[in-house]
Amino acid sequence: MTTTLPAYDEVVARYEPVIGLETHVELGTNTKMFCGCPTDFGGEPNTRVCPVCLGLPGSLPVANKAAIEAIIRIGLALNCSIAEWCRFARKNYFYPDMPKNFQISQYDEPICVDGYLDVEVGGETVRIEIERVHLEEDTGKTLHVGGATGRIHGATESLVDYNRAGIPLVEIVTKPITGTGALAPDVAKAYVAELRDVIRTLGVSDVRMEEGSLRCDVNTSLNLPGQEWGTRTETKNVNSLRSVERAVRSEMLRQASVLDAGGRITQETRHFHEDTGDTTPGRSKETATDYRYFPEPDLVPIAPDPAWVAELKAALPELPRVHRRRLQEQWGLSDLDMQSVLNAGAVELIEATVAAGTTPAAARKWWLGELSRRANESGVELAQIGATPTQVAELQGLVDAGKLNDKMARTVLEGVVDGEGSPTEIMTSRGLEVVSDTGALTAAVDEAIAANPGIADKIRSGKVAAVGALVGAVMKTTRGQADAKTLRELILERLGVQG
């Protein structure tokens, strides 16, 4: 039976959302968290494993120092306090992709606590408080085959690839985020985007959501104003910024529909479906006691030297918010214009396009105009649209050189996005270069004047604005490949009129 969902505006008028985000980041170390197996993405299944990451009897883990340094740098960038002493714990649960039937993680003694990250949403700064940042090992990957959805329901068999098992994984957990109202989905998206930028700036992960090196679990609940927080659900492994926003919005609508009908929300995990934007039930959500945490007996505690932590803090790079403010000043943008760039996910793209040789204004025009439109129509992130900053700079260079007008440049850009080649190659193959042969243009102008004597007389009598009609006529005969400004000057010259 299909349930009619309430309108979003009605939901936020009646209920207050509370959200929380648990973000998992695979670190870009050369080896796994507790063994020497390589961490490269891909590879034949079960070829990057050893007795330690498979949990075979008698094998002993050894902590990866590079991973510990990376999480401390993440914690410092998120304004966290760094523990002077902490330790790993065993998190016990059974799942096919858990080779040991427990996960080495951290429980009540995480390495980083009590931080925050500021994000810009709707022209305002929203502070997202960070509860903890802890280190653990990733699980393997279960592949369900023979079905239509890739999930276990309907599959004929399931296969397990342990290549990912044991890769260093950082979990960043926010405190409950309240008071965001209708902006809750946008705040969630902005937080993950900002967090991704911070981690990429630190150089500790490639944070590629499409490859699973950045994954987000989205917690959502609704409550009536003034009442206790509602029961939360956890939407697992959301793997794009757009999907983070959609997952929050979808759960708000679904939960409101259940509550409006007098039902109760079940605390559970849920799966997000990219094709529909809906969530479906997973499993009931365990509590901490269900995992039977206890200290990991095979690993010594971690006690970071405060002097070392201070050195790491002093060496942090310029963080994204500071970097953006500097770019905003360099580009001469207002707060509203910079927010538009940020909302489109175009900061790095514009910066790279400027570095490739064009102006900030031109780079911004292409990324926030034609390319953003196509990205929105295709439902993809702007960075995945198919054009690179180098290609956009090359395109603008052809315009600046007078080889393409604006209309032709948009046609060339379509070819770039469709994978036809570089702007220069597409311009040449399609024969789109602006006609610059004065002799050919003069002949076309004379033909247009002869064919439109009345318009020519108007121009000669002082009605210079009528020149646009002749420019249009010549453009038609040259298939739009003449420069409008050059044509105007040439027409006035042939008619003996001062421009």
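Start with the lining of the second largest pocket in this predicted model: colour it by class and you get 18 nonpolar, 12 polar and 17 charged residues. The whole lining runs to 47 residues, around a volume of about 1400 Å³.

To centre your view, select Arg196, Leu241, Ala344, Gly345 and Glu381, the lining residues that lie nearest the middle of this pocket.

Now switch to cartoon and pick out the elements around the second largest pocket. Strand E5 (112–121) supplies at least two lining residues, and so do helices H3 (184–202), H4 (241–260), H6 (320–331), H7 (335–343), H8 (347–355) and H10 (370–378). Which one gives the most? That's H3, with 9 residues.

Next, colour by domain, 8–310 for domain 1 and 318–429 for domain 2. Both give residues to the lining, so the second largest pocket lies between them.

From the pocket, follow H10 and add H12, residues 406–417. The axes of these two helices come within 11 Å and cross at roughly 45°, which makes H10 oblique to H12. Check the handedness while you're there: this crossing is right-handed.

Last stop, the enclosed space. How many cavities of 30 Å³ or more does a search of the whole structure find? Just 1, with about 50 Å³ of space in it. To see its walls, select Cys53, Met98, Pro99, Lys100, Phe102, Gln103, Glu137, Asp138, Thr139, Ala165 and Gly166. Colour that cavity lining by class too, and it divides into 5 nonpolar, 3 polar and 3 charged residues.

Methods:
Residues are numbered from 1 along each chain as its sequence is written. This is a predicted model: local features need pLDDT of at least 70, side-chain atom pairs count only at pLDDT 80 or more; totals for chains, interfaces and linings use all residues. Side-chain values use heavy atoms; hydrogens and water are left out. On a 1 Å grid over the protein atoms alone, a cavity is a set of points where a 1.4 Å probe fits but cannot get out, and a pocket is an open set with protein on both sides within 12 Å along at least five of seven lines; lining residues have an atom within 4 Å of a point. Grid points are joined across faces, edges and corners, and a volume is the space filled by probe spheres set on the points. Helices (H or I, at least four residues) and strands (E, at least two) are DSSP runs, numbered from the N terminus. Ala, Val, Leu, Ile, Met, Phe, Trp, Tyr, Cys and Pro count as nonpolar, Asp, Glu, Lys and Arg as charged, and the others, Gly among them, as polar. Domain bounds come from an automatic or database domain assignment. Axes are lines fitted to C-alpha atoms, for helices over the stretch in contact, and angles run from 0 to 180 degrees between N-to-C directions. Angles under 35 degrees count as roughly parallel, over 145 as roughly antiparallel, 65 to 115 as roughly perpendicular and the rest as oblique. A crossing is left-handed if the near helix is turned anticlockwise from the far one by less than a right angle, and right-handed if clockwise.
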